Amino acid sequence: MTSESSSDSNSIGDTGTVVLEDKPDLKEPPMYQVVLLNDDFTPMEFVVYILQSIFGYDHERSTQIMLAVHTKGKGVCGIFPKEIAEMKSHEINEMAKSHEHPLISEIEPLTD
Ligand code: TYC
């Protein structure tokens with residue numbers, strides 16, 4: 001590795017060029033919860049299938065999450081950086097629409 005590409009914040013390399021590198025951004029991105037809402041019509045197995053395919057949970061864990069949403073009215077199904085949370089929520093809502101189920105998810109900022 002040459003000194004131009006080293007992690008020094010200010011180094012003089014072989015060419016005599018002064019390289020000023022940005023400080024690495026160490027801040028974590030703001031995180032968002034993907035929240036699933038209960039309804040009276042979406043089949044339980046469809047919700048379980050959504051949780052398996054979009055979040056990668058196994059059948060048992062997906063069933064636990066689905067039943068918690070079913071009994072409590074809503075529930076968190078994952079926590080991600082904003083763009084990922086938006087993509088997953090959008091994917092749930094589009095899959096539900098395409099199967100003509102009223103299932104809805106939304107995202108919520110996590111205040112730390
Ligand atoms: N309440 C639905 C039923 O009895 C199942 C369900 C669970 C729907 C979770 C949505 O987010 C949901 N078929």
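I began by fixing one term: a polar contact is a pair of N or O atoms within 3.5 Å. I also noted that this is a predicted model.

**Entry 1: the ligand's polar partners**

With that term in hand, I looked up histidine 70, where a polar side-chain atom sits 2.8 Å from a nitrogen atom of the ligand. I then checked how much of the ligand is covered: taken alone it exposes 350 Å², and the protein buries 90% of that.

Two more residues went into my notes. Asparagine 38 places a polar side-chain atom 2.8 Å from a nitrogen atom of the ligand. Aspartate 39 takes part through its backbone, with a polar atom there 2.7 Å from a nitrogen atom of the ligand.

**Entry 2: who else is around the ligand**

Which elements give two or more residues to the shell around the ligand? I found strand E3 (31–37), helix H1 (44–55) and helix H2 (59–72). H2 gives the largest share, three residues.

I listed some of the residues around the ligand, including Leu36, Leu37, Thr42, Val47, Met66, Val69 and Leu103. Sorted by class, the shell has seven nonpolar, three polar and one charged residues.

**Entry 3: a closer look at methionine 44**

Methionine 44 is also among the residues around the ligand, and I placed it in helix H1. Is methionine 44 buried or exposed? My answer falls in the middle: its relative accessibility is 38%, so it counts as partly exposed, the class between under 20% and over 50%.

I also compared the positions of methionine 44 and histidine 70. They are 26 residues apart along the chain, and their C-alpha atoms are separated by 8.6 Å.

**Entry 4: the salt bridge**

Next I turned to charged pairs. Side chains of opposite charge can pair when their charged atoms come close. How many salt bridges does the count come to? I got one.

Glutamate 94 and lysine 97 form the salt bridge, with their closest N and O atoms 3.2 Å apart. I found both residues in helix H3 (residues 82–98), three residues apart, which is about one turn of the helix. Glutamate 94 is partly exposed at 35% relative accessibility, whereas lysine 97 counts as exposed at 55%.

**Entry 5: a nonpolar patch**

Last, I went to the surface. There Val76, Ile79 and Leu110 form a nonpolar patch, with about 220 Å² of accessible area together. I looked up valine 76 by itself: it lies in strand E4 (residues 74–81). Its relative accessible area is 40%, so valine 76 is partly exposed.

Conventions: Residues numbered from 1 in each chain as written. Predicted model: local features only at pLDDT ≥ 70, side-chain atom pairs only at ≥ 80, totals over all residues. Heavy atoms only, no water. Patch = residues over 30% accessible without salt bridge, like charges linked within 9 Å, V, L, I, M, F, W, Y side chains within 5 Å. Areas by Shrake-Rupley, 256 points an atom, 1.4 Å probe, with all protein chains shown as cover. Salt bridge = Lys/Arg side-chain N within 4 Å of Asp/Glu carboxyl O. Helix = DSSP H or I, 4+ residues; strand = E, 2+ residues; numbered from the N terminus. Buried < 20%, exposed > 50% of the residue type's maximum accessible area, 1.4 Å probe, protein only. Near = heavy atom within 4 Å. Polar contact = N/O pair within 3.5 Å; in protein donor to acceptor, adjacent residues only side chain to side chain. Nonpolar A, V, L, I, M, F, W, Y, C, P; charged D, E, K, R; others polar.
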